[in-house]
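Here are a few short exercises to work through with the model open beside you. Try each task before you read its solution.

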Amino acid sequence: MATEVTEEKKVDADSKRVHTYPLIRHSDMNDEMKTEAMELCVTACEKFSSNNESAAKMIKETMDKKFGASWHAVVGEGYGFEITHEVKNLLYMFFGGNMAIMIWKCS
């Protein structure tokens with residue numbers, strides 16, 4: 001019986017593990033752009049940790065300046081998406097646990 005309890009606690013601990021590092025789920029960007037975009041997303045989410053809308057606005061405006069218009073950004077938890085984007089201009093990542101960041105270019 002004691003073994004079962006230990007295994008249950010281990011499973012619970014694994015399922016509640018929080019990732020504090022950026023975790024890229026999908027990207028078709030080149031490595032240089034991907035690194036810049038990931039660092040920008042982390043900076044925005046840390047700066048505006050309690051305001052997802054401001055973080056998304058910062059990401060969008062910075063990407064527009066660096067890589068040309070027209071970038072889109074979604075920052076939040078528990079959303080789904082289906083988008084059309086320009087090839088080599090998509091990044092979907094997680095940061096700080098369950099915060100998802102989606103950026104893409106579509107003109």
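**Exercise 1. Find how many helices and strands the protein chain has, and their order.**

Start with the count: the protein chain holds three helices and four strands. Both are DSSP runs numbered from the N terminus, helices being H or I with at least four residues and strands E with at least two. Next, read the order from the N terminus, which is α-β-α-α-β-β-β. Before going on, note that this is a predicted model, where local features need pLDDT of at least 70, side-chain atom pairs count only at pLDDT 80 or more, and totals for chains, interfaces and linings use all residues. Residues are numbered from 1 along each chain as its sequence is written, and side-chain values use heavy atoms, with hydrogens and water left out.

**Exercise 2. Describe helix 2, from its cap to its buried residues.**

Begin at the N-terminal end, where Asn30 caps helix 2: a side-chain oxygen of Asn30 lies 3.2 Å from the backbone nitrogen of Glu32. Then take the length: helix 2 has 17 residues and spans 24 Å from first to last C-alpha, close to the 24 Å expected at 1.5 Å a residue. (The expected span is 1.5 Å times one less than the number of residues.) Now look for burial, meaning under 20% relative accessible area with a 1.4 Å probe, protein chains only; exposed is over 50%, and partly exposed lies in between. Met33, Ala37, Leu40, Cys41, Val42, Ala44 and Cys45 are the buried residues in helix 2. Finally, see what they pack against: helix 3, strand 2, strand 3 and strand 4.

**Exercise 3. Locate the largest nonpolar core and say which element gives most to it.**

A nonpolar core is a set of buried Ala, Val, Leu, Ile, Met, Phe, Trp, Tyr and Cys residues joined through side-chain atoms within 4.5 Å. The largest one has 21 residues, and Val75 and Ile59 are among those with the most contacts inside it. Helix 2 gives the largest share of this core, seven residues. To close, follow Val75: leaving out residues up to four places away in sequence, its contacts (heavy atoms within 4.5 Å) include Cys45, Ile59 and Ile101.

**Exercise 4. Classify the ring pair of Tyr79 and Phe81.**

Rings of Phe, Tyr and Trp (its six-membered ring) pair if their centres lie within 6.5 Å; planes under 30 degrees apart are stacked, over 60 edge-to-face, and the rest tilted. The model has four aromatic pairs by this rule. In the pair of Tyr79 and Phe81, the centres are 6.3 Å apart and the planes make 50°, so the pair is tilted. Tyr79, Phe81, Tyr92 and Phe94 form one aromatic cluster.

Terms used. A polar contact is a pair of N or O atoms within 3.5 Å; within protein, one must be able to donate a hydrogen and the other to accept it, and residues adjacent in sequence count only if both atoms are side-chain atoms.
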